[in-house]
Amino acid sequence: MLQTDLTAGVLTLTLDRPDKRNALSTPLVEMLLAAVERADLDAQVRVVVLKGAGKDFCAGADLEELLASADNDPADNERSALRMGALFQALRALPKPVVAVVQGRVLAGGCGLATACDLVLAADDAQFGYPEIQRGFVPAMVMAMLVRQVGEKQALHLAVTGRLLSAEEARGLGLVSKIIPAAELDLRSTEMVRGLSKVSLTAYALTKQLCYAQDGLPFDDAIMLGARINAMSRATPDFKTAIAAFLKK
């Protein structure tokens with residue numbers, strides 16, 4: 001259900017339910033969350049990569065499981081939804097690069113999963129969307145990230161129409177970092193991830209923290225936060241070593 005591989009500092013987590021288009025069942029969400037939490041503590045892990053087996057990255061929540069929950073107590077369903085939220089939070093809080101490498105359909109909760117990653121590398125034929133409304137459902141857990149990524153008007157438009165976006169449209173809205181020809185996705189994404197595995201993790205962690213923490217801050221507060229992170233970064237061993245090495249060139 002979840003394949004894991006750690007090679008040369010890169011932890012690859014592969015959603016492995018191709019017959020279900022890698023739908024996010026409760027067990028799969030728990031496996032992902034546990035893997036991300038372990039990656040945070042494992043010094044051998046320098047980058048985390050999320051992939052999907054088969055032709056699609058992820059079609060969203062497991063619909064059979066979702067339907068079965070319709071008669072559950074609302075409090076139980078809220079607790080279940082919060083586990084998905086905990087996964088999104090863990091991905092954004094992880095002080096290491098997190099990269100989604102996506103192909104095929106990237107839908108609903110699967111689109112939210114990709115959006116929770118720091119970078120999204122997409123095949124040029126990938127499709128993105130939030131079709132929950134077409135199933136009488138709400139893109140509730142993904143909305144916190146979607147609004148931040150594309151703004152209120154675009155987020156609401158995507159949510160109420162459920163329309164699919166091409167990879168190029170998704171990049172235009174900020175949902176995709178880079179588009180790669182489908183035939184070259186594995187090779188070129190591997191090259192990019194290897195490059196990320198060599199960056200200073202302390203500098204990356206501070207940069208990631210600064211980027212996400214600025215959301216919603218008044219300009220003056222964002223400047224103050226930047227100054228605080230600036231000062232912290234100057235005190236790190238990586239900074240001292242890298243600057244000294246550069247000056248010797």
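Which elements each supply at least two residues of the lining of the second largest pocket? In this predicted model, the contributors are H4, strand S6 (119-123), H5 and helix H9 (201-213). H9 gives the most, with 5 residues. The volume of this second largest pocket is about 360 Å³. Its lining holds 19 residues, and those closest to the centre are Arg92, Asp118, Gln149, Cys211 and Tyr212. By class, the lining comprises 9 nonpolar, 5 polar and 5 charged residues.

Two of the residues closest to the centre of the second largest pocket, Arg92 and Tyr212, are also in contact through a charge and a ring. The charged end of Arg92 sits over the ring of Tyr212. The distance to the ring centre is 3.9 Å. Aromatic pairs were also sought. The search covered the whole structure and found 0 of them.

The largest pocket has a volume of about 1200 Å³. A total of 43 residues line this pocket. Ala61, Asp62, Leu63, Leu66 and Phe137 lie nearest its centre. Six elements are named as supplying at least two lining residues each: helix H1 (26-41), helix H2 (63-68), helix H3 (74-93), strand S5 (105-107), helix H4 (108-115) and helix H5 (140-150). H3 provides the largest share, 7 residues. The lining of the largest pocket divides into 22 nonpolar, 9 polar and 12 charged residues. H4 and H5 appear in the linings of both pockets, each with at least two residues in the largest and at least two in the second largest.

Strand S5, a contributor to the lining of the largest pocket, also belongs to a sheet. This sheet is open and is formed by 3 strands in the order S5-S7-S8. Its pairing is mixed. S5 and strand S8 (164-166) stand at the edges. Each has a single partner strand, so one side of each is left without a neighbour in the sheet. On average, neighbouring strands of the sheet are turned by 25 degrees against each other, direction ignored.

The pairing of S5 with strand S7 (residues 127-129) is parallel and runs over 3 bridges. Val106 stands opposite Phe128 in S7. In general, the strands of a sheet pair through backbone hydrogen bonds, in either the parallel or the antiparallel sense.

Terms used: Residues numbered from 1 in each chain as written. Predicted model: local features only at pLDDT ≥ 70, side-chain atom pairs only at ≥ 80, totals over all residues. Heavy atoms only, no water. Phe/Tyr/Trp six-rings, centres within 6.5 Å; stacked < 30°, edge-to-face > 60°. Lys NZ or Arg CZ within 6 Å of the ring centre and 35° of its normal. 1 Å grid on protein atoms, 1.4 Å probe; cavity = no way out; pocket = protein on both sides within 12 Å on 5 of 7 lines; lining within 4 Å. Points joined across faces, edges and corners; volume = space filled by probe spheres on them. Helix = DSSP H or I, 4+ residues; strand = E, 2+ residues; numbered from the N terminus. Nonpolar A, V, L, I, M, F, W, Y, C, P; charged D, E, K, R; others polar. Pairing = 2+ DSSP bridges. Axes fitted to C-alpha atoms, helices over the stretch in contact; angles between N-to-C directions.
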